[in-house]
Amino acid sequence: MAGVLVLGEALEGAAAASTLEAIAAGRALGGPVAAAIIGDGAKSAAQDAIAHGADSAFVCEGGLGPEAAAAFAEQTAAASAPRVVLGAKALLDGSVMARAAYRLGAGLLQDCASVALDADGRLTATRPVYGGNAMAAFRASGSPAAASLRARAYEALERDDSRAGSIVPIEVDAAAHTRLRVVERVRRPQEGVRLEDARVVVGGGRGLGGPEAFAQLEELARLLRGAVGASRAACDAGWVPPSYQIGLTGRTVAPDLYLAVGISGASQHMAGCSGARDIVAINKDAGANIFKEARFGVVGDWRQVLPAFVDQLHELLSDR
Ligand SMILES: Cc1cc2nc3c(=O)[nH]c(=O)nc-3n(C[C@H](O)[C@H](O)[C@H](O)COP(=O)(O)OP(=O)(O)OC[C@H]3O[C@@H](n4cnc5c(N)ncnc54)[C@H](O)[C@@H]3O)c2cc1C
């Protein structure tokens with residue numbers, strides 16, 4: 001098949017984890033993969049991209065706004081004639097994939113959990129629908145076809161520094177493409193691991209009864225080198241900031257372990273965490289929906305269960 005173009009970004013001089021995941025998805029499709037990397041340190045990020053499975057890379061150093069980034073996508077697509085264009089849903093804060101697809105005249109399959117090619121070489125994809133209660137299958141009719149991928153839908157390939165490929169710098173006339181003016185950038189200080197990148201996420205819900213309880217969840221997350229998230233009910237109550245919200249209208253996480261404390265497991269919440277490898281639930285209601293999704297569950301009051309859990313963890317960690 002003709003190749004795959006992966007739109008990606010450099011974060012602090014390295015390829016973003018989501019970019020490496022998209023490259024893995026591109027490699028699974030079978031064609032040669034070109035990575036198009038934007039951002040400060042794009043060149044060294046391109047080395048990462050190649051070590052993790054890209055065959056070649058285009059780079060554009062420095063920050064680009066979404067319109068200029070879409071122009072970069074168009075220029076790199078003109079140079080590589082891809083059949084499929086992939087990128088993380090969250091690429092440049094989710095502002096690029098739709099613009100890039102429009103410029104390429106490509107259909108866009110959004111928020112995909114998996115992509116594949118059918119017997120005719122057309123791009124197919126699955127994505128959750130109805131608040132995560134069902135998976136729908138889609139097929140793109142045109143070429144090129146584009147898809148944005150959910151966080152951690154694919155695992156990055158192992159790094160192999162013996163891989164080599166061309167890295168081609170591309171100049172984008174950012175001013176010519178920019179109608180949108182960034183007035184201010186506010187960077188929220190990030191303590192610990194980002195929710196989307198965390199291998200362990202501890203989620204708290206209305207059952208916690210108040211904001212104080214989140215301190216215990218923070219302690220647990222610190223011990224497990226994870227991050228804390230929350231249900232919408234806990235966020236709406238003002239116990240934690242809205243940025244903690246996991247779910248249909250919040251963030252999507254796909255950790256190895258999701259520990260849900262005092263969360264009922266409403267479908268809208270599960271839509272944001274159903275990609276977790278294992279769910280462990282603590283809930284006092286044995287009939288709570290979360291137990292249908294959980295691999296392990298404890299029926300009980302979190303006030304009793306959680307301290308014992310944390311103590312046991314301290315003990316296990318001190319043995320190391
Ligand atoms: C359009 C739409 C979008 C939405 N998007 C989201 C979203 O993105 N994310 C999201 O989370 N929700 C979302 N919701 C809301 C969702 O439907 C639920 O209302 C919400 O997830 C419930 O949060 P909860 O599980 O914390 O609270 P509840 O449903 O009230 O559950 C609390 C749980 O805590 C348990 N509990 C109580 N006390 C204790 C205790 N002492 N020890 C242990 N367990 C205890 C209870 O048994 C109960 O199961 C959305 C809703 C709509 C309509």
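Guide: In this predicted model, a residue is called buried if 20 or more other C-beta atoms lie within 10 Å of its own.

Visitor: Which residues of helix H4 are buried?

Guide: Helix H4 covers residues 97–104, and the cut-off of 20 or more C-beta atoms within 10 Å decides which of these residues count as buried. Applied to this helix, that test picks out Met97, Arg99, Ala100, Ala101 and Leu104.

Visitor: What covers the buried residues of H4, and which residue just after H4 takes a positive phi?

Guide: The cover includes helix H3 (66–80) together with strands E1 (4–11), E5 (84–88), E6 (107–112) and E10 (145–149). Just after H4 the chain takes a positive phi of about 65°, and the residue with this angle is Gly105.

Visitor: How many residues of domain 2 are in contact with domain 1?

Guide: The domain assignment gives domain 1 as 4–177 and domain 2 as 195–318, and their centres, taken over C-alpha atoms, are separated by 31 Å. On the side of domain 1 that touches domain 2, the residues divide into three nonpolar, three polar and two charged. Eight residues of domain 1 take part in the contact, and the number on the side of domain 2 is eleven.

Visitor: Why do strands E13 and E16 each have one side without a neighbour in the sheet?

Guide: The open sheet has five strands in the order E13-E12-E14-E15-E16, with parallel pairing. Strand E13 (227–230) and strand E16 (296–299) stand at the edges, so one side of each is left without a neighbour, because each has a single partner strand.

Visitor: Which helix packs on this sheet touching E12, E13 and E14?

Guide: Strands E12 (residues 200–204) and E14 (residues 257–261) pair in the parallel sense over five bridges, and Val201 stands opposite Tyr258 in E14. Helix H10 (residues 302–318) packs on the sheet by touching E14, E15 and E16, with its direction at about 130° to that of E15. The helix that touches E12, E13 and E14 covers residues 213–223, has a direction making about 170° with that of E12, and is H6.

Visitor: In the open sheet of three strands, is the pairing parallel or antiparallel, and which residue of E8 stands opposite Val115?

Guide: The order of this sheet is E7-E8-E9, and the pairing is antiparallel. Strands E7 (114–117) and E9 (134–139) are the edge strands, each pairing on one side only, while neighbouring strands are turned by 25° against each other on average, direction ignored. Four bridges join E7 to strand E8 (residues 123–129), and the residue of E8 that stands opposite Val115 is Ala125.

Methods:
Residues are numbered from 1 along each chain as its sequence is written. This is a predicted model: local features need pLDDT of at least 70, side-chain atom pairs count only at pLDDT 80 or more; totals for chains, interfaces and linings use all residues. Domain bounds come from an automatic or database domain assignment. Two residues are in contact if their C-beta atoms, placed from the backbone, lie within 7 Å. Ala, Val, Leu, Ile, Met, Phe, Trp, Tyr, Cys and Pro count as nonpolar, Asp, Glu, Lys and Arg as charged, and the others, Gly among them, as polar. A residue is buried if 20 or more other C-beta atoms lie within 10 Å of its own, exposed if 12 or fewer, and partly exposed in between; C-beta atoms are placed from the backbone. Helices (H or I, at least four residues) and strands (E, at least two) are DSSP runs, numbered from the N terminus. Two strands pair if DSSP finds at least two bridges between them. Axes are lines fitted to C-alpha atoms, for helices over the stretch in contact, and angles run from 0 to 180 degrees between N-to-C directions.
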